[in-house]
Amino acid sequence: MSQNTTYNERSWAIDVIYEINKWAESRSVSLKRAGGENTLNTGKGRLFPDVLLYDQSRILQGWELKFPDTPISDIETIKNARKKADILGLNSFLLWNVSNAALYIINEDGEHHIIKSWSDLNHISKRNQVVQHDDKWRAMLKSILEDLNYYFSNGTIKSASLIDSITGNGISDFILNNSVEVADHLKNKAQSSGEFFDKVNIWWIENKNEYPEENQPWRPLSRILLISWTNKLVFGHLLKGFNEEANEINNITGGITVPNALKKINKISKSCDFWNIFKPNLGEEFIPQNAWNGLVEFNDLLTDLRLEGVDQSLLQDILRYTVFRAKRKAAGQFSTPRELASLLTSLTMMDRSSNIIDPCCGTGTIPKAAYDLKVHAGISTSNALKHTWASDKFSFPIHIATMSLTSPQNIGELINIFREDATHLSPNMTINLHNPNDGSLISTPLPKFQNIVSNLPFVQHEDFEKMNPKVLEGINKKIERLVGTKYKLAPKSDLLAYFPFSLWSLLEEGGRMGLIISNSWLSSRWGSTFYKLLKRFFHVECIITSGQTRWFKDAEVVTNIIILNKRSENDVKHGSIPFSEKTTFVTFNKSLQDLINNENGEVDFDKTNTLSSIIRTQNPMTYEDLVMSSYTPSEIDSFTTMGVGLHSIFSNPSWILDIQDKLVSANQVFYTIRGVRKGWDKMFYPKEGHGIESEYLRPVLRSSRDITHLETKATSVAFCCDLDEEELKELGHTGALNWINHFKNGVNQRGIPLPESIHSSAKERWYTMLPTQLAEIVISINPGQRLFFAKLDKYSFINQRLAGLSRKDPNTDIDLCHALLNSIVGLFYVESLGFGRGLGALDLRSSDIKSRLHMLNPDILTKEQSEEIKEKFCRLKQREILSIQQEWEQEDRQDFDNTVLEAYGIAHLKEEIITSLQTIHKIRMSVKKNN
């Protein structure tokens, strides 16, 4: 026992812990030991209980100890004890102030209440009486323990597993509660350190798309740093069971500073390796004091937990859940779902024993899936690890990926994970790994790989060009060296387009590449060039999309899987593509979770392998959960020649090839009109009460929301003035003049004066918007559920949210053309021209309408056929436009389409056409479903 002169609450707590352990040693009870000595070191403001009770590898309960001068009913003490119980995932806590004790239970509704109290020593009221009555409080302690044992044994008090306590929401939330403070500290540090600012800026350019809810890097980075530190501490304690040098982690305690803690971390890594886990992340040394105190106390708790003594299966679970928590709490929105990673690697890796690399590994879900598939195939854990490689440009993903691939079974094995920019990788380049036994550097040449798999980073061209335009230039030169100077990627290509060609030389002959990429390439200008080059360098084996839900549920981006087989250098140079070679387009009609997971929500590797085999072999067996169709390069070229976007080929539009002679490019019949865009609608589309003279107002159709029927009219007005201000003064047109002056000194959202920011040509005044072209038929450039072409009652001015058509020949039967454009063939083309954005809207461009829109040729109809079609179409014009799903159910719609298709002799193709339209519409709209 401590001396009277120094006896305080901390001294008493240490004695209590000693007495509990002595009591437990002599009994066969659930309570095996007590701890908490380490967590007492931080003094005031502790985040963990004074005493922790354990049952082997589970935490039973936490106690708060006070001296008698603090009432047992003190509200702050109760609140503090409850908070600590929540952090550890416990359903009870105990308060004891020597005089009295109270046991609280937290019910399922989250409310706490006393179920047992002890008042044996309520006559003790002063601090100095505690040591004087040490025999009495020891007796009371035994009484408390006997009663608690009853509640432990009957299940009233529920324990928390180490996994729940260490990796659950409680501790991670308490640590991440400091993220705002850390973010502010990082931001202030960047103000005084240009070097740190530059590093953060580069990091943010490449990662900001992962965090669309943030417009600055500080909060995401702060969360990453706190999670990184937490993981290092957990991993350091797990290593103690394998290498006694890791016991150095116990010394991150008390008032240790961040720099000194980093020295201890480095010492552990030198002895035990795992440099990828222990090495500093960007800004990790800049943790402010309050947040650091919390991390040190967490480490004290880990010391108290004695993780080195638990069995390997529990260590594996702790590792797995630590990684899961890190991904959930700190990774961005494009962290690869495990089901997607498993399918990607299974589809790509034909030979399970072969080398595989993920060069943009992120948090390691894909290399972990590759490793697991290898082990599932019967390959030893040692060989599976030997042939699984991963790299990333940034430290934090490498940190998590290394933890993902680590297990108690392979500690001591070399892990092939390294830090490098994927665009810099080349065969035989020297990379640095670390010896698993002593942490020494291992320099080794990078081999070629049979398999490359990755979820490619989503970085738009504008952002990547700012970071490293020479990389893009270098990849294009590489393409030109192989296939000629006229071949290169389009200037506006997203970063994802460069990776297959950058990594091509890293593949062995006949190697396979499996990529997860944004769907934007399927229907974009740069995507067309990308695809032409892609099929020159690779056999595009299959492209897979979801017809059910987005694969990345928290991100708006829509993605595909693409599987590629490397062509030989000679075939690339000569453009040799076998005529019979086919590309399979696959659509899933179920979620990946339903297709791949077992009843426990875990990935089922047998189901994964079955699904990938069916896709690779195009097995004729009935498999209703997916739709597959395969086409040769010439057939795909025929589709694109007929204006059908690559994304539409998922709908099996082979019927298009049967009706080519009945279609005509719409640009032979119509001019395409672009809606006018000026960039400040408040000025150019005035509301009532504007006071502008009528000669400066023109009717305008502003939005598809204004269209309810297939025949419509412009109901809004636009401000159209091409006179200068002096002319307006001379004419006395003060309404227009005042309107201009009202906006003259205004600024846009970025603070730029409107006269500078408003889009104007050199020939126009800043406030001038004139309708250079007028439309007869309009289409929304972002249609949702409704697909239609609407006819205006007269030539009209249209807004930028619309595109328009206007007859080239005034003698063209506009009513017939309007009807044909609204047939199921015309509506299929609407879906085919654009591609679905993340929220389900279709993205159309007027340039694509001009170059790719086809329609049934009105010139091959007889007069009688034309009149019958127009008559049937009149019925549709008399009612409101419905969603495309509702349209199919309408008798007038079915009657109209039947008449059109019979007139062209293609009525037998009706079901195929409808199925194609429904399929691509369903794929687009499926991204709006809840995941």
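In which strand is the place of L53? L53 belongs to strand 2, which covers residues 51-55. Before this residue is examined further, it should be said that the model is a predicted one, and a brief view of the whole chain will help.

The protein chain has 931 residues, of which 57% count as buried. Its secondary structure comprises 37 helices and 29 strands. Among contacts between residues at least 6 apart in sequence, 73% join residues that are at least 24 apart.

L53 may now be considered in its setting. The relative accessible area of L53 is 0%, and because buried means under 20%, this residue is counted as buried. Leaving aside neighbours within four places in sequence, L53 is in contact with I20, L31, R33, A34, R58, I59, L60, Q61, W63, L148 and F152. One of these partners, W63, stands 10 residues from L53 along the chain, and the C-alpha atoms of the two are separated by 8.3 Å.

The next element is helix 12, formed by residues 289-305. At 1.5 Å a residue, its 17 residues should span 24 Å, and the C-alpha atoms at its ends are indeed 24 Å apart, so the expected span and the modelled one agree. How many of the 17 residues of helix 12 are buried? The number is 14, and helix 12 is therefore largely enclosed by the rest of the structure. After helix 12 comes R306, which has a positive phi, near 55°.

A pair of helices shows how elements distant in numbering can pack. Helix 15 consists of residues 365-376 and helix 24 of residues 605-617; their axes lie 11 Å apart and form an angle of about 100°. Because angles of 65 to 115 degrees count as roughly perpendicular, that is how helix 15 and helix 24 are described. On the side of helix 15, the contact involves D372, L373 and H376, which meet F605, D606 and N609 in helix 24. By character, the residues of this contact divide into two nonpolar, two polar and two charged.

Further along, T583 is found in strand 17, which runs over residues 583-588. Is T583 buried or exposed? With a relative accessible area of 6%, T583 is buried. A polar atom of the T583 side chain lies 2.6 Å from the backbone oxygen of V540. V540 also appears in the contact list of T583, which, leaving aside neighbours within four places in sequence, includes E541, C542 and I543 as well. The list further contains S629, S630, Y631 and I636.

Two asparagines in loops complete the account. N428 is not a glycine, yet its phi is positive, at about 75°. This residue is found in the loop between strand 10 (416-419) and strand 11 (430-434). N428 is exposed, its relative accessible area being 61%. N652 likewise has a positive phi, near 55°, in a residue other than glycine. Its loop connects helix 25 (633-641) and helix 26 (655-658). The relative accessible area of N652 is 34%, and because values between 20% and 50% count as partly exposed, N652 is placed in that class.

Key
Residues are numbered from 1 along each chain as its sequence is written. This is a predicted model: local features need pLDDT of at least 70, side-chain atom pairs count only at pLDDT 80 or more; totals for chains, interfaces and linings use all residues. Side-chain values use heavy atoms; hydrogens and water are left out. Helices (H or I, at least four residues) and strands (E, at least two) are DSSP runs, numbered from the N terminus. Buried means under 20% relative accessible area, exposed over 50%, partly exposed in between (1.4 Å probe, protein chains only). A polar contact is a pair of N or O atoms within 3.5 Å; within protein, one must be able to donate a hydrogen and the other to accept it, and residues adjacent in sequence count only if both atoms are side-chain atoms. Contact means heavy atoms within 4.5 Å. The expected span of a helix is 1.5 Å times one less than its number of residues. Axes are lines fitted to C-alpha atoms, for helices over the stretch in contact, and angles run from 0 to 180 degrees between N-to-C directions. Angles under 35 degrees count as roughly parallel, over 145 as roughly antiparallel, 65 to 115 as roughly perpendicular and the rest as oblique. Ala, Val, Leu, Ile, Met, Phe, Trp, Tyr, Cys and Pro count as nonpolar, Asp, Glu, Lys and Arg as charged, and the others, Gly among them, as polar.
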